[in-house]
Amino acid sequence: MKKQILVTGGAGYIGSHTVVELVAQGYEVVIVDNLSNSERSALDGISKICGFYPPFEEIDLTDYQATEHLFQKYNFVAIIHFAAYKAVGESVQKPLAYYRNNLVSLINLLELMNKYGVDNMVFSSSCTVYGQPEKLPVSESAPIQKAMSPYGNTKQISEEIIQDAIVAMPQLKAIALRYFNPIGAHESALIGELPRGVPNNLVPFITQTAIGVREYLRVFGSDYNTPDGTCIRDYIHVVDLAKAHIIAMKRLLENKNKSSFEFFNLGTGKGATVLEVIKSFEKVSGQKLNYKLVERRPGDIEKIWADTTLANQELGWKAEKTLDDAMLSAWRWEQHYRSTLQKKQ
Ligand code: UFG
């Protein structure tokens, strides 16, 4: 029987981009998604890029029996686990839903990996585990700080759960990839970020404003201790990010990992302010963006960017695309997506 890669949350933003990279590199992929925060249309985009529909299972991973059925049906060799709730603000309103969804799904997967002899997991983590680091750029050895939100806490606790599971399941190997700020879309503009409702994140808000869905962008805070007063983040193109998952997975499959649980930062190593992101958008789109400087957003950290030395050296991976590349791809995706919506009406 052929061996498959399970991509949980494979219809989501980073998941869908990872699926197409896996397929491009000849892997057999099974997508699992409960479509709670993604659209079925993402699967159409994937199929247009890949030339076929990878197997898709609409399953909620908190459902142990349904998830076990999946392990019986396929022969997984590795799992790339994206499926999780991810909205910081919402997690403050619905902490228990976040803990249940993000933690129970992980526990189910780990138990079933143990039962069915699946030894490799790439886990979707976040730079949120560092809080506001004292030293920048932040490296993997920086202290983990108390989470600023239930969402962030689920990422910290998930890393701990994997760590503890590995002690008891010596065959298990895992890599946690700590993302900085993923932005942009596939160059085909057939897949991209699909926020539900009003976007929380900067780049979808910018593209929706430019296309006329939002009136103006609010720039949260202009009195931070940064060159132009706005916050600094490390924005990484989602395709660069997706490629890192395949490298990490191969590292596990080929037993090249140096310990049973490794952690890597995935960023560009460079920070950009909110105003720099806006300038980049205006440059690549040729559009003037309507924005206003407003109050700080509670809970925002001032600045963070990644030390990517470990990922560069150990994974042999480096972000290749620029901020301009990412903004242009995000803009093309927004335009493509809106034109398909109009056609449907
Ligand atoms: N921003 C605005 N206006 C907006 C949206 C965002 O000015 O309408 C600013 C924010 O204040 C921040 C920057 O743009 O300075 C980036 O904000 P995002 O919401 O896009 O991203 P965050 O850095 O706040 O959040 C990201 C991930 C989270 C993760 C967090 C960890 O989206 O999943 O990093 O710090 F938890």
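A polar contact here is a pair of N or O atoms within 3.5 Å. Keep that cut-off in mind for the ligand. The model on screen is predicted.

**Stop 1: the ligand**

Select the ligand and Leu-202. A polar backbone atom of Leu-202 sits 2.9 Å from an oxygen atom of the ligand. Now add Asn-201. An N or O atom in the side chain of Asn-201 is also placed 2.9 Å from a ligand oxygen. Next, show Tyr-151. One of the polar side-chain atoms of Tyr-151 is 3.5 Å from an oxygen atom of the ligand.

How much of the ligand does the protein bury? Taken alone, the ligand exposes 680 Å², and 88% of that is buried by the protein.

**Stop 2: the shell around the ligand**

Widen the selection. The ligand is surrounded by 19 residues. Pick out the closest: Leu-202, Arg-218, Arg-233, Arg-297 and Asp-300. Then colour the shell by class. You should find nine nonpolar, five polar and five charged residues.

Which strand gives the largest share of the shell? Select residues 217-220. This is strand E8, and it contributes four residues.

**Stop 3: two packed helices**

Leave the ligand and select residues 274-285, helix H9. Add residues 323-344, helix H11. Two packed helices are described by the angle between their axes and the distance between the axes. For H9 and H11, the angle is about 65° and the axes are 9 Å apart. The crossing of H9 and H11 is right-handed.

Turn on side chains where the two helices meet. From H9, show Glu-276, Val-277, Ser-280, Phe-281, Lys-283, Val-284 and Ser-285. From H11, show Leu-323, Asp-324, Met-327, Leu-328 and Trp-331. By class, this contact holds seven nonpolar, two polar and three charged residues.

**Stop 4: two backbone details**

Most residues other than glycine have a negative phi, and most peptide bonds are trans. The last two selections depart from that pattern.

First, go to the loop between strand E5 (120-126) and helix H6 (150-168), where Pro-137 is found. Look at the peptide bond from Leu-136 to Pro-137. That bond is cis, with omega near -5°.

Finally, select Leu-35, in the loop between strand E2 (29-32) and helix H2 (41-50). Is its phi positive or negative? Phi of Leu-35 is positive, near 60°, although the residue is not a glycine.

Key: Residues numbered from 1 in each chain as written. Predicted model: local features only at pLDDT ≥ 70, side-chain atom pairs only at ≥ 80, totals over all residues. Heavy atoms only, no water. Axes fitted to C-alpha atoms, helices over the stretch in contact; angles between N-to-C directions. Left-handed = near helix turned anticlockwise from the far one by under 90°. Contact = heavy atoms within 4.5 Å. Nonpolar A, V, L, I, M, F, W, Y, C, P; charged D, E, K, R; others polar. Near = heavy atom within 4 Å. Polar contact = N/O pair within 3.5 Å; in protein donor to acceptor, adjacent residues only side chain to side chain. Areas by Shrake-Rupley, 256 points an atom, 1.4 Å probe, with all protein chains shown as cover.
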